[in-house]
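Thanks for sharing this one. Here are a few friendly notes on its charged side chains, set out point by point.

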Amino acid sequence: MSTFQAPKGTYDILPADSATVLAVREAISAPLRRAGYGYIETPVFEDVALFSRGVGESTDIVSKEMFTLTKRSSEELALRPEGTASVLRAALQGNLHRIGSLPVKLWYSGSQYRYERPQKGRYRQFWQVGAEAVGVEDPAVDAELIILADDAYRSLGLRNFRILLNSLGDKQCRPVYRAALRDFLAGLDLDDETVRRAELNPLRVLDDKRESVQAQLTGAPRLVDYLCEECKEYHEQVRELLTAAGVGFEDDTKLVRGLDYYTRTTFEFVHDGLGAQSAVGGGGRYDGLSEMIGGPALPSVGWALGVDRTVLALEAEGVVLPTPPAVDVFGVPLGEQARRVLFGAVTALRREGLAADLAYGHKGLKAAMKAADRSGARFALVAGDRDLAEGLVQLKDLTTGDQTPVALDALVATLKEKLK
Ligand code: AMP
């Protein structure tokens, strides 16, 4: 072990686990690519004000958990705590909303940073795959995104997840509800911090997981009862489209989520095998965000799914993703000349698109065969001086143990045929 360890709340993704992580990212993004979403990458750090204005001062993500970076100049930067604000910033900066037709559909994959108290499923650096559809107000887009996330989870073999759905109203009806909720909260016995939060954004109190708070919330005014006709109609259409697509969901009138920018449709994917950190993904509509960060009115909707927690959900359900072995063929040279010949053979195989590796470091037969077994390869190429003198190598099937001589110059063709 070295003197250094990965910083608190972070972890390394080692090769034994990385194939699953890559497969999860692939499975989440495949439905998006099929639906016309284009891949976007943005910097891992941004102007801190993008997040304080966009994500919201009252959110834990911004008020407590942001990693801010000190620099020599006065500009203040922060590691991104989430993807939406950055992606929208980039879309505006790149004029994507003017160049193409709307919605601009984007997906991203990357690390996010939150200074949280680490525990299982909650890290200071974690990974999300996310999607945003920018510039259109249409319940079909909201439904599309929820369906694509559902498809992604199902394609991974996950079953024990639920979709919680709510509408947060819009700038007409939400303020009326906010005022009613604030009045209700003012009559409760809450600690100072919660009282402050209730003043900044009373909806966030609904999100409080503590039993002592939840117990007092029975009888709180419900957002559904305050939705204006347009919001009700919009929400009904989202629900109908999901039902028609065979996607089940639960109405959750208390679902507000931890970010301030959401309007109308909000949803969360929860997994029942994950304990406290049960949210595997979530998102919603954010019609006001573009204007909040200085852009034109661009009603939008998006989600982010947590890669780390999706991996934990797979473990909880006992789903093992089929991950191909790293290499198909492994060279075992016996002697100096064989080393040179097999090095050439392995290079030729790779150039032909086969995955091949070689025992390095002058290993003896036993150690080299062990390395071949460990590599997961289906075939070992064993060559000693006598074989080479005849222009042959031994092809050993590592599953059956069968060994057959193959002419060196027929090696590529033979292996291509066998590995088809
Ligand atoms: P949010 O941006 O908070 O809506 O989170 C979206 C998803 O990202 C969550 O459902 C989690 O799967 C994942 N996530 C959020 N915070 C963390 C964290 N600290 N550690 C691991 N995953 C997280």
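1. First, the term: a salt bridge here is a side-chain nitrogen of Lys or Arg within 4 Å of a carboxyl oxygen of Asp or Glu. By that criterion the structure holds 26 salt bridges.

2. A word on the basis. This is a predicted model, in which local features need pLDDT of at least 70 and side-chain atom pairs count only at pLDDT 80 or more, while totals for chains, interfaces and linings use all residues. Residues are numbered from 1 along each chain as its sequence is written, and side-chain values use heavy atoms, with hydrogens and water left out.

3. Have a look at E116 and R122, whose side chains form a salt bridge with an N to O distance of 4.0 Å. Both E116 and R122 are buried (buried is under 20% relative accessible area, exposed over 50%, partly exposed in between, with a 1.4 Å probe and protein chains only).

4. R285 and D287 are also joined by a salt bridge, at 2.7 Å from N to O. R285 is buried at 0% relative accessibility, and D287 is buried at 15%.

5. Which residues are joined into one network by salt bridges that share partners? They are D60, K64, D191, E193, R197, D208 and R210.

6. Within that network, R210 pairs with D191, with 3.4 Å between the closest N and O atoms. The two are 19 residues apart: R210 sits in the loop between α9 (203–206) and α10 (211–216), and D191 in the loop between α7 (174–186) and α8 (192–200). Helices are DSSP runs of H or I with at least four residues, numbered from the N terminus. R210 is partly exposed at 38% relative accessibility, and D191 is partly exposed at 33%.
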